Amino acid sequence: MKIRIGVGLGAGGASDSATFAGAVQSMERLGFDSLWLSEVLTGAVVDPLAGLAFAGGVTKKLKLGTTMTVTGRNPIRMAKELATIDRLSGGRLLLVFVPGLTDRFEDQALGVPVAERGAWIEEMLPLVRRLWSEDQVSHTGQRFSYDGLSLQPRPLQQPLEVWLGGTAQSALRRAGRLSDGWLPSLCTPAEAAAGRAAIEATAAEVGRRVDPEHFGISLAYARDEISPAQAARVTKRRPGLDPATLIPVGMPAVRQMLERYVHVGFSKFVLRPGETPQSWPAELEELAAGVLPLQT
């Protein structure tokens with residue numbers, strides 16, 4: 001099992017181009033597998049596609065990952081943007097499609113009710129796969145209709161894989177039917193193992209198989225203590241669960257948590273500091289010393 005560890009760059013890495021470039025170049029120099037940018041339209045984070053395009057230009061090997069919201073997007077434009085980034089970066093793009101935050105400001109920005117977001121993924125994911133691989137695409141769906149449309153350039157990766165996130169039963173079934181992999185967050189190792197089993201069972205029901213190495217975790221951590229803001233974010237999404245169950249504190253605890261996920265069959269990780277580091281290069285040095293020995 002190939003263990004790979006990436007880093008999520010949040011709002012703290014977006015203050016200026018020098019900070020951003022320094023952080024991603026440090027990731028590459030230290031040997032992290034990937035950079036990850038999340039999409040939050042109303043948050044103080046860089047747009048993931050613009051950010052990954054920039055990162056691709058200042059690195060050579062670092063993979064470029066995003067958890068992006070497909071809700072409300074034009075599939076042709078999105079497919080072309082993603083294909084272009086993958087091609088110009090030499091095939092380094094990693095994709096996770098997510099429904100988006102359930103926040104009133106994000107709701108307004110996306111313009112699509114939470115209850116309808118899963119249906120967007122259901123239609124968009126098969127459609128963009130066809131746009132990336134077929135000469136002429138005809139499609140009639142609930143939201144989009146096309147007749148003989150062709151998209152160029154195509155991704156360098158063939159196929160360009162798309163993973164899904166989410167831990168709700170509907171999300172697990174969707175991952176089993178459609179995804180190339182699964183990257184959830186805020187779930188314990190036991191919950192992650194149960195989610196994987198549910199995905200694999202659904203995949204088998206529809207005659208599919210998800211690669212056993214395509215199961216990962218997006219994990220937030222704390223350096224010294226879980227801050228009230230970080231605890232509140234967890235409580236909002238997992239009410240009734242002690243945040244300490246999900247957030248390791250200190251590098252030894254981060255490594256131990258990763259080992260627990262590895263034990264239940266997870267091998268791809270995105271580590272996210274709960275609070276903005278005072279220095280990204282220093283944070284990454286310490287994180288690399290603590291967890292990169294696990295990377296194989």
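This tour proceeds through a predicted model, from its cores to its helices, empty spaces and backbone features.

**The cores**

Begin by selecting Ile 5, Phe 32, Leu 35, Phe 97 and Trp 132. Within the largest nonpolar core, which comprises 71 residues, these five touch the most other members. Next, display helix 5, residues 114-133; with 8 residues, helix 5 gives the most to this core. A second, separate core has 6 residues, among them Val 96, Val 98, Leu 183 and Val 270.

Return to Trp 132 and show its surroundings. Setting aside residues up to four places away in sequence, Trp 132 touches Ala 79, Leu 82, Ala 83 and Leu 95, and also Leu 151, Arg 154, Pro 155, Gln 158, Leu 160 and Val 162.

**Two cis peptide bonds**

One of those contacts of Trp 132, Gln 158, leads to the next stop. The peptide bond between Gln 158 and Pro 159 is cis, with omega about 5°. Another cis bond runs from Gln 152 to Pro 153, where omega is near -5°. Most peptide bonds are trans. For orientation, select strand 6 (145-149) and strand 7 (163-164): Pro 153 is placed in the loop between them, and Pro 159 likewise has its place in the loop between strand 6 and strand 7.

**Helix 2**

Select residues 48-58, which form helix 2, and colour its buried residues: Pro 48, Leu 49, Gly 51, Leu 52, Ala 55 and Gly 56. These residues lie on the same side of helix 2 because they cover an arc of only 160° around the axis. To see what they pack against, add helix 1 (17-30), strand 2, strand 3 (63-69), helix 3 (75-88) and strand 4.

**The second largest pocket**

Strands 2 and 4 return here, since each supplies at least two residues of the lining of the second largest pocket, as do strand 1 (4-8) and strand 9 (268-273). The volume of this pocket is about 430 Å³. To find its centre, select Asp 33, Lys 63, Leu 94, Trp 163 and Lys 268, which are the closest to it of the 23 lining residues. Strand 4 gives the most to this lining, with 4 residues. What is the make-up of the lining of the second largest pocket by class? The lining has 10 nonpolar, 5 polar and 8 charged residues.

**Helix 8 and Gln 230**

Move to helix 8, residues 228-237, where Gln 230, Ala 231 and Val 234 are buried. They cover an arc of only 100° around the axis and are therefore on the same side of helix 8. Rotate the view to the face turned away from that buried side, and the exposed residues Pro 228 and Lys 236 appear. The buried residues of helix 8 pack against strand 8 (216-221).

Now select Gln 230 alone. Its relative accessibility is 3%, so Gln 230 counts as buried. Apart from neighbours within four places in sequence, Gln 230 contacts Ala 220, Tyr 221, Ala 222, Ile 247, Gly 274 and Glu 275.

**The cavity**

Two of those contacts of Gln 230, Ala 220 and Ile 247, point to the next selection. The structure holds 1 cavity of 30 Å³ or more, and the largest cavity has a volume of about 50 Å³. Select its lining: Ser 185, Leu 186, Cys 187, Ile 217, Ser 218, Leu 219, Ala 220, Leu 246, Ile 247, Tyr 261 and Arg 272. Strand 8 gives the most to this lining, with 4 residues. By class, the lining of the largest cavity has 8 nonpolar, 2 polar and 1 charged residues.

**Leu 186**

Keep Leu 186 selected from the cavity lining. Is Leu 186 buried or exposed? With a relative accessible area of 16%, Leu 186 is buried. To place Leu 186, show helix 6 (169-178) and helix 7 (189-205), as Leu 186 lies in the loop between them. Then inspect the backbone: although not a glycine, Leu 186 has a positive phi of about 55°. Most residues other than glycine have a negative phi.

**Glu 259**

For the last stop, select helix 9, residues 251-263, which contains Glu 259. Glu 259 counts as partly exposed because its relative accessibility is 37%. Add Leu 294, which is 35 residues from Glu 259 along the chain; their C-alpha atoms are separated by 8.3 Å.

Key. Residues numbered from 1 in each chain as written. Predicted model: local features only at pLDDT ≥ 70, side-chain atom pairs only at ≥ 80, totals over all residues. Heavy atoms only, no water. Core = buried A, V, L, I, M, F, W, Y, C linked by side-chain atoms within 4.5 Å. Buried < 20%, exposed > 50% of the residue type's maximum accessible area, 1.4 Å probe, protein only. Contact = heavy atoms within 4.5 Å. Arc of directions from axis to C-beta. 1 Å grid on protein atoms, 1.4 Å probe; cavity = no way out; pocket = protein on both sides within 12 Å on 5 of 7 lines; lining within 4 Å. Points joined across faces, edges and corners; volume = space filled by probe spheres on them. Nonpolar A, V, L, I, M, F, W, Y, C, P; charged D, E, K, R; others polar.
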